[in-house]
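Here's a quick briefing to read alongside the model. Have the structure open while you go through the points.

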Amino acid sequence: MRSRHQLANRAISVLVADTNVMAARFLCMELGARPEFHVVGAASSAAQLVNMVERREVRIVLVSASLLELKAGDGAILAELLQRFSSLRGIVMIDHPDRALVMQAFRAGARGVFNRFECQVDSLCKCILCVDGGQVWANAEQLNWRLDAVVESPPRPIVSPGAWSCSARARMKWSGWPPPG
């Protein structure tokens, strides 16, 4: 039989961050009771979140939108953490499906958006497992919002300005278009 320490080494390390301390403790208790997860702690502020990620080995950060202040249009905390720690994956918990909130979470680098008032803990566990496995977690409506944003964004050039050949520059000149760069 394997010890709890051996299981913890193979389990997905999860950090729960929520301004609602009771909700964070509940999630820690529920996730900690499952062998596939190792809960490394709970944070109730952005400063605690950053401190805990810096000091502990975390694979998944499960963070509430309210802690990230996404309604105010700020996802900088999550974006910075995900940039600094390349193996870290973020899941943002939202209270209700709101297009702007979901899009802000994805722009901040979240790999999953979880609506905690419409889903059960078993669904959250599946979400964590999927995100840890490299997948994106969102419902169909949220994925459509994300796809719509891609379609609505202006196209970007496929070729970098330095990669243009002399003949391509000449064709651009004759067509009246200024060559890039």
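**Pocket, salt bridge and helix crossing**

The largest pocket holds about 240 Å³ of space. Keep in mind that this is a predicted model. Arg116 is worth following through the notes: Arg116 is among the residues lying nearest the centre of that pocket, and arginine 116 also forms a salt bridge with aspartate 18.

**The largest pocket**
- In total, 14 residues line the pocket, and those nearest its centre are Ala23, Phe26, Leu27, Arg116 and Phe117.
- Two or more lining residues come from each of helix H2 (21-32) and helix H7 (121-132).
- H2 is the top contributor, giving 3 residues to the lining.
- Sorted by class, the lining has 9 nonpolar, 2 polar and 3 charged residues.

**Salt bridges**
- You'll find 6 salt bridges in the structure.
- In the one between aspartate 18 and arginine 116, the closest N and O atoms sit 2.4 Å apart.
- That pair ties together distant parts of the chain, with the two positions 98 residues apart in numbering.
- Aspartate 18 is in the loop between strand S1 (12-17) and H2, while arginine 116 is in the loop between strand S5 (112-115) and H7.

**Where H6 meets H8**
- Helix H6 (residues 99-107) and helix H8 (residues 140-152) have axes that come within 10 Å and cross at roughly 75 degrees.
- H6 and H8 are therefore roughly perpendicular to each other.
- On the H6 side, the contact is made by Arg99, Val102, Met103 and Phe106.
- H8 brings Gln142, Trp145, Arg146, Asp148, Ala149 and Glu152.
- The residues of this contact split into 5 nonpolar, 1 polar and 4 charged.

Notes
Residues numbered from 1 in each chain as written. Predicted model: local features only at pLDDT ≥ 70, side-chain atom pairs only at ≥ 80, totals over all residues. Heavy atoms only, no water. Axes fitted to C-alpha atoms, helices over the stretch in contact; angles between N-to-C directions. Helix = DSSP H or I, 4+ residues; strand = E, 2+ residues; numbered from the N terminus. Parallel < 35°, antiparallel > 145°, perpendicular 65-115°, else oblique. Contact = heavy atoms within 4.5 Å. Nonpolar A, V, L, I, M, F, W, Y, C, P; charged D, E, K, R; others polar. 1 Å grid on protein atoms, 1.4 Å probe; cavity = no way out; pocket = protein on both sides within 12 Å on 5 of 7 lines; lining within 4 Å. Points joined across faces, edges and corners; volume = space filled by probe spheres on them. Salt bridge = Lys/Arg side-chain N within 4 Å of Asp/Glu carboxyl O.
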